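Please work through the exercises below with the sequence and the structure open beside you. Each one sets a task and then gives a solution in steps.

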Amino acid sequence: MVGSYAAGGGRGAAAAEGKLDELRRRMGKAEGDLLKIVGVGGGAWGSVFCALLQDAYGRHRDKAQVRVWRRPGRAVDRATAEHLFEVINAREDVLRRLIRRCAYLKYVEARLGDRTLYADEILRDGFCLNMIDTPLCPLKVVTNLQEAVWDADIVINGLPSTETREVFGEIGRYWKERIRPPVIISLAKGIEASINPVPRIITPTQMISNATGVPLENILYLGGPNIASEIYNKEYANARICGADKWRKPLAKFLRQPHFIVWDNSDLITHEVMGGLKNIYAIGAGMVAALTNESATSKSVYFSLCTSEMIYITHLLAEDPEKLAGPLLADTYVTLLKGRNAWYGQKLAKGELTLEMGDSIKGKGTIQGVSAVHAFYELLSQSSLSVTHPEVKKLVAPVELCPILKTLYKILIKRELGTDSILQAIRDESMYDPRERIEMSQRQSLYRPSLLGLPKVDITQA
């Protein structure tokens, strides 16, 4: 069946059970004690991630339980219900499954306007509201947050970064009496900016640790160049799980599937920040594509300029930025091709969406690049982070060397410019060769560990 990772018997089933048993032992689970995995948030990637685990391990009901929490009460509008009905009837396997579960009639009634469907209700049948065209396996859905998380062993953060602090603040109250902290895997790609007492980035894993008291060694980040629907449909993909030694290698092995390869890395915070950075430039890429009628030349010019800015920013954030080049560019590439942030930029440029509609879009979820633009601009505008401008040889805030970031800030946050200003930014005759920005990054000692909350080091400007 398309979209199913369930091991089809034989060696596959035995291997999956072996991985499950190994993780259960590592987590100290006794015989008959379920390994409880809970996804927090019902967006596209969070739902797919839990569906992968359900397909792989759900058959072992005496050993593991996979559930998803999402808020109740989100109604499915009539147009979406009609489209969902078409999706169901186009897939014989899905149609048969719903009939067998006595769940088909409600979709007929919703199609006719005789009934209202809800997002948590359809997720139980394997339909994510943000990804209707890709049916998943049926999922166990819980709408009471305390019930979902209070005794969970592994928690998957599938929330947008903008919602992570609030929800995990509530979760932290339920975990006050816990003796053993859970393991948390965060899928969120976004950051917040903290300016006082020194400018620094706050990532979702740090938000979670601060809100719950769970030590960072128990919190990991998983990211990579992937599109949720394609992963569930068995398109080959890879990801990287980052965090402390204690959990990242066992979890990489547990999460690995035949078409979803998971590597591991110790650099948690930097990879997490890079996952948010590429969303910024994806919005601009969408704008350029729409405004130039998909001109390959214009898109390549934009790609050259935006990657040089990202490389420059990684030199501020990482002591060994070259190690991040491959993962960052791969994640950027797939996001520019098919991600929701690029889609959002296209829709804005075409006038099919407006900024007044906000950054939470029906059928897509939260466009995290918008808040990332605000956070990175605010951080890189601080004079305390000044760098030497390669032409005027004076100290300037780092953002002055990021013309695309500056333009996106004026379009999306300040709303001073129209979307066509992104073309003016990349066609500026005074703009220097992006290669020069990269060379300048390599010549100067740009690394600012304080941006990631690390101890300060002595920096000598070249």
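The exercises that follow deal with aromatic rings, a charge over a ring, an annotated domain and a cavity, and they rest on a predicted model.

**Exercise 1.** Classify the aromatic pair formed by W45 and F49, and state where its members lie in the chain.

*Solution.* A pair of aromatic rings is described by the distance of the centres and the angle of the planes. By the pairing rule, the count comes to six aromatic pairs. For W45 and F49 the centres are 5.6 Å apart, which is within the 6.5 Å limit for a pair. The planes meet at 85°, and because an angle over 60 degrees counts as edge-to-face, this pair is edge-to-face. As for position, W45 and F49 both belong to helix α2 (residues 44-57), and because they are four residues apart there, about one helical turn separates them. Both W45 and F49 are buried.

**Exercise 2.** Classify the pair of F85 and Y104 in the manner of the preceding exercise, and say which helices the pair links.

*Solution.* The ring centres of F85 and Y104 are 6.0 Å apart and their planes differ by 25°, and since planes under 30 degrees apart count as stacked, this pair is stacked. F85 lies in helix α3 (residues 78-90), whereas Y104 lies in helix α5 (residues 104-111), so that the pair links distant parts of the chain, 19 residues apart. Both F85 and Y104 are buried.

**Exercise 3.** Find which residues ring pairs link into a cluster with W45, and describe how K364 is placed relative to W343.

*Solution.* Ring pairs join W45 to F49 and F260 in a cluster. Turning to the charge, the charged end of K364 sits over the ring of W343, at 4.9 Å from the ring centre.

**Exercise 4.** Describe the secondary structure of the stretch that UniProt annotates at residues 139-241.

*Solution.* The UniProt entry, which is unreviewed, places the feature "domain: Glycerol-3-phosphate dehydrogenase NAD-dependent N-terminal" at these residues. Over residues 139-241 the chain is 32% helix and 26% strand, with the end C-alpha atoms 24 Å apart.

**Exercise 5.** Characterise the largest cavity by its volume and its lining.

*Solution.* A search of the whole structure finds three cavities of 30 Å³ or more, and the largest cavity holds about 120 Å³ of space. Twelve residues line the largest cavity, and G223, G224, H271, P327 and D331 lie nearest its centre. At least two lining residues come from each of β8 (219-223), α12 (268-291) and α14 (325-338). Sorted by class, the lining comprises six nonpolar, four polar and two charged residues.

Key:
Residues are numbered from 1 along each chain as its sequence is written. This is a predicted model: local features need pLDDT of at least 70, side-chain atom pairs count only at pLDDT 80 or more; totals for chains, interfaces and linings use all residues. Side-chain values use heavy atoms; hydrogens and water are left out. Buried means under 20% relative accessible area, exposed over 50%, partly exposed in between (1.4 Å probe, protein chains only). A charge sits over a ring if NZ of Lys or CZ of Arg is within 6 Å of the ring centre and within 35 degrees of the ring normal. UniProt positions are given in the numbering used here, feature names are shortened, and annotations may be inferred rather than shown by experiment. On a 1 Å grid over the protein atoms alone, a cavity is a set of points where a 1.4 Å probe fits but cannot get out, and a pocket is an open set with protein on both sides within 12 Å along at least five of seven lines; lining residues have an atom within 4 Å of a point. Grid points are joined across faces, edges and corners, and a volume is the space filled by probe spheres set on the points. Ala, Val, Leu, Ile, Met, Phe, Trp, Tyr, Cys and Pro count as nonpolar, Asp, Glu, Lys and Arg as charged, and the others, Gly among them, as polar.
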